[in-house]
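Hi everyone, thanks for coming. Let me put the structure up, and then we can walk through a few parts of it together.

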Amino acid sequence: MGDIGYLFFVYLAFSGLLKLYMAKKVARRAILVHDTTYFMNIGDDFTYKRTTSTLLILAVVFLLTSKIAFGVNMIIWLLIFVSFGMIIDILSDYIVWSYLKRKYGNVKVHYLNVTNTIQDMINKLPYDEVVSIEVDDFDDKQIVNDNVVQGDNLLSMSQDSGEFVKNIDKPGKSILIDRFVDEAIDNCKDTIVEVKNLTQSGLLPVNENSIDIVLCRETNFLTHDVFRVLKSDGKFVLIQNAGQHAKELIGLYYPIGMDMGWNLERCSQVLVSEHFEILEKQEKSSTIRFTNMMTLLNFAVHHGLVHLPLEAKNHMPRLTYIYDAIEKHGFYDLTISRFYIVARKGSLKVDA
């Protein structure tokens, strides 16, 4: 066995120290960001999962560096080399596992207990009573009623299964496009609301110039398609969550992330660029202070920030962060940032 072979043993020993250093560093960061998955992966029993790959690497290193002629003697030295290499690598993994279990085993237990506690809370949701919390916000129903005239054709876009629009009784005809189609159909079956899907092209399923009022409440929209379906001088009523709204819960209710810069000004610019005239607009921002986790979760469900069923284990970094913050400080602040715009369909300008 040549010098390179001995150096490889040194490398294995050094890599063990490096693994321990990195484990400490990653664990400290996991604590800071509440990376519960990292701690859940610390096994209760030690396991070594690289046997085949490590044996292969050791054998290749020996064969490339050994100066011993092929024969029984070489095979003996090969077995010795591979055995010592395996012992060093397994021992270094064991040291890392032992350190993590001893140092952070209580953290894993804590997260397991918190997961079970939060899941028990979620299983009790939603409470029938609406959470009574003072919020500096708009009266969404009043905004809509101020703009809908008796007999109007109303088209609504939402993601609350029709819970809001089914209580608007002025329209002569009410069409709903909702994210939760089946739930919306069931929820609106005894009302004038007709639930429809978008077309295969992702457009609104109505004819041009056929709608008096388009209501978009807390969901996405295509401005040019809204313009298409509105009658001349028809109104577009938007009630939107700004990008900063409930930013502390993003990931629970908006898993792919969202535009944190979305606000009243940007939305107004989009509408004006698509030939809408802004009639009325307002934005409000505030915070709500929660002193217990159950109240926060119930509030989130009633306001569409969390959709059930919700598996706590799939969102543990965020949920445990909130839970621990309430336990440590006695409260957790949730950002509320919403705006509304009432716009009128303008006329397309044709260049001469």
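Let me start with a question: which residues in α3 are buried? Before I answer, a word on the ground rules. This is a predicted model, so to speak of local features I need pLDDT of at least 70, and side-chain atom pairs count only at pLDDT 80 or more, while totals for chains, interfaces and linings use all residues. Residues are numbered from 1 along each chain as its sequence is written, and side-chain values use heavy atoms, with hydrogens and water left out.

Back to α3. Its buried residues are Thr54, Leu58, Val61, Phe62 and Thr65; buried means under 20% relative accessible area, exposed means over 50%, and partly exposed is in between, with a 1.4 Å probe and protein chains only. Looking down the axis of α3, you find these buried residues within an arc of 100 degrees, so they line one face of the helix. That arc is taken from the directions from the helix axis to the C-beta atoms. On the other side of α3, Thr52, Leu56, Leu63 and Leu64 are exposed. As for its span, α3 has 15 residues and reaches 21 Å from its first C-alpha to its last, close to the 21 Å expected at 1.5 Å a residue; the expected span is 1.5 Å times one less than the number of residues. Helices here are DSSP runs of H or I with at least four residues, strands are runs of E with at least two, and both are numbered from the N terminus.

Next, the loop between α2 and α3, where Asp45 is found. Asp45 counts as exposed, at 60% relative accessibility. Its C-alpha is separated by 8.9 Å from that of Trp97, and the two residues are 52 apart along the chain.

Trp97 brings us to the second largest pocket. Which residues lie nearest its centre? They are Asn41, Gly43, Thr47, Asp93 and Trp97, out of 16 that line the pocket. A pocket here is an open set of points on a 1 Å grid over the protein atoms alone, where a 1.4 Å probe fits, with protein on both sides within 12 Å along at least five of seven lines; lining residues have an atom within 4 Å of a point. The largest share of the lining, 4 residues, comes from α4. The pocket holds about 440 Å³ of space, counted as the space filled by probe spheres set on the points, which are joined across faces, edges and corners.

Now for the salt bridges. Side chains of opposite charge can pair when their charged atoms come close. The whole structure has 16 salt bridges, each being a side-chain nitrogen of Lys or Arg within 4 Å of a carboxyl oxygen of Asp or Glu.

One of them joins Asp44 to Lys108, with the closest N and O atoms 3.5 Å apart. Asp44 sits in the loop between α2 and α3 and Lys108 in helix α4, so this pair ties together parts 64 residues apart in sequence. Asp44 is exposed at 53%, whereas Lys108 is buried at 12%.

Another pairs Arg217 with Asp160 at 3.4 Å, N to O. Arg217 lies in strand β4 and Asp160 in the loop between β1 and β2, so parts 57 residues apart in sequence are tied together. Arg217 is buried, at 16%, and Asp160 is partly exposed, at 23%. Both belong to a salt-bridge network with Asp140, Glu218 and Arg338.

That's my tour, and I'm happy to take questions.
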